[in-house]
Amino acid sequence: VDSHPLLQKKCFVLVGHSMGGRIAMCYAAKYPEDISALVIEDMDIRRRTVESNFIPNFDETKALSFEKSHPNLDSLRKAFGEIGYPSDMVDKWVREGRVYEHGSEGQYWSDVHPAFRALCYRRIFDSNSGSACWNAIEQHYAKSNAVKVHLLVAGIGSVCEEESINEMIECMPATTSVKTYPNGYHSLHGSVMEEFLCDLNEIIADA
C-alpha cells in the first residue's frame with residue numbers, strides 16, 4: 001500500500017471474500033486510517049477448528065500441485081479424492097456453487113484449493129483472530145461512524161453462521177449493514193456478478 005501510486009495518501013474501499021474477508025478484517029484492524037469502507041463477502045468471525053475440517057490421509061504433496069481447472073467433473077472429483085477428500089464433501093461444494101461448470105466445452109472449475117484451504121484452517125481460522133480484529137475495528141470506527149462496514153452474505157451455501165453475523169452487527173450497529181443475496185452462492189462476485197458489482201459501485205461512490 002505504501003508503494004502503490006494509486007493508494008498513497010488516499011483512503012480506499014477494502015473488499016475481502018471468504019478467507020480474504022478475514023485478511024481484510026486484519027488489515028482494517030491494523031491500519032484503520034487507510035480505509036474508507038470495508039466490504040466483507042460471505043465471511044463471519046467465528047472460530048473454525050482444524051478438527052472441523054480434518055481430512056484423514058490428507059496428501060499435502062498432491063494438494064500443493066492441485067489444478068483448479070479440469071476437463072470434466074469426474075476428473076475434478078478424482079483429483080480431490082486422491083488428495084483425501086470424501087465424495088460427499090465434493091458434492092457439497094457442487095451444491096454450493098464452489099465447484100462448477102466453466103467454459104463452453106464442459107470444463108469444470110474449483111474455487112476450492114486444498115492447499116490453501118488447509119493453510120487457512122491452520123493459520124487463521126483456528127484462532128480468535130476474527131473476533132479480535134472485529135473488536136479492534138469497533139474501537140477505531142464505532143465512535144466516529146465515519147467508515148461504513150458492509151456484510152454481503154450468500155443466500156445459498158453461505159459459510160456464515162447467523163449467530164456470528166448478529167454478533168458482528170451488535171458490535172457496530174450504527175456503522176454495519178447486511179445484505180443477503182437469495183440467489184447468490186459463496187462466491188457472490190461470480191454467482192450474482194451484476195447485482196454484486198452494482199452494490200459495490202454504490203458503496204464506492206458513497207465512501
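Is Cys 26 buried, partly exposed or exposed, and what is its relative accessibility? Select Cys 26: at 26% relative accessibility it counts as partly exposed, where buried means under 20% relative accessible area, exposed over 50%, and partly exposed in between, with a 1.4 Å probe and protein chains only.

This is a predicted model, in which local features need pLDDT of at least 70 and side-chain atom pairs count only at pLDDT 80 or more, while totals for chains, interfaces and linings use all residues. Residues are numbered from 1 along each chain as its sequence is written, and side-chain values use heavy atoms, with hydrogens and water left out.

**First stop: the cysteines**

A disulfide is a pair of cysteine sulfur atoms within 2.5 Å, and by this rule the count is zero. Keep Cys 26 selected and add Cys 133, whose sulfur is the nearest cysteine sulfur at 3.4 Å; Cys 26 is in no disulfide. Next, select Cys 160, which is also in no disulfide. The nearest cysteine sulfur to Cys 160 belongs to Cys 120, 15 Å away. Cys 160 counts as buried, at 15% relative accessibility.

**Second stop: strands 2, 6 and 7**

Helices (H or I, at least four residues) and strands (E, at least two) are DSSP runs, numbered from the N terminus. Select strand 6 (148-154). Six of its seven residues are buried, so strand 6 is largely enclosed by the rest of the structure.

Two strands pair if DSSP finds at least two bridges between them. Strand 2 runs parallel to strand 6, and five bridges join them; Ala 37 stands opposite Lys 148 in strand 6. On turning to strand 7, one finds six bridges to strand 6, again in the parallel sense. Ala 154 has Tyr 181 in strand 7 as its bridge partner. Now follow the chain from strand 6 through helix 7 (residues 162-171) to strand 7: this β-α-β crossover is right-handed. That term applies if, with the strands pointing away from the viewer, the path from the first strand over the helix to the second runs clockwise.

**Third stop: a three-stranded sheet**

Select strands 3, 4 and 5, which form an open sheet in the order 3-5-4 with antiparallel pairing. Strand 3 (69-70) and strand 4 (99-101) stand at the edges with a single partner strand each, so one side of each has no neighbour in the sheet. Three bridges join strand 4 to strand 5 (residues 108-110), and Val 99 stands opposite Ser 110 in strand 5.

**Fourth stop: the pockets**

On a 1 Å grid over the protein atoms alone, using a 1.4 Å probe, a pocket is an open set of points with protein on both sides within 12 Å along at least five of seven lines; lining residues have an atom within 4 Å of a point. A volume is the space filled by probe spheres set on the points, which are joined across faces, edges and corners.

The largest pocket has a volume of about 650 Å³. To find its centre, select Ser 18, Arg 98, Arg 117, Val 159 and His 186, which lie nearest to it among 29 lining residues. Helix 5 gives the largest share of this lining, five residues.

The second largest pocket has a volume of about 210 Å³. Select His 150, Ser 177, Asp 199, Glu 202 and Ile 203, the nearest to its centre of 14 lining residues. Elements that give two or more residues to this lining include strand 6 and helix 9 (193-206).
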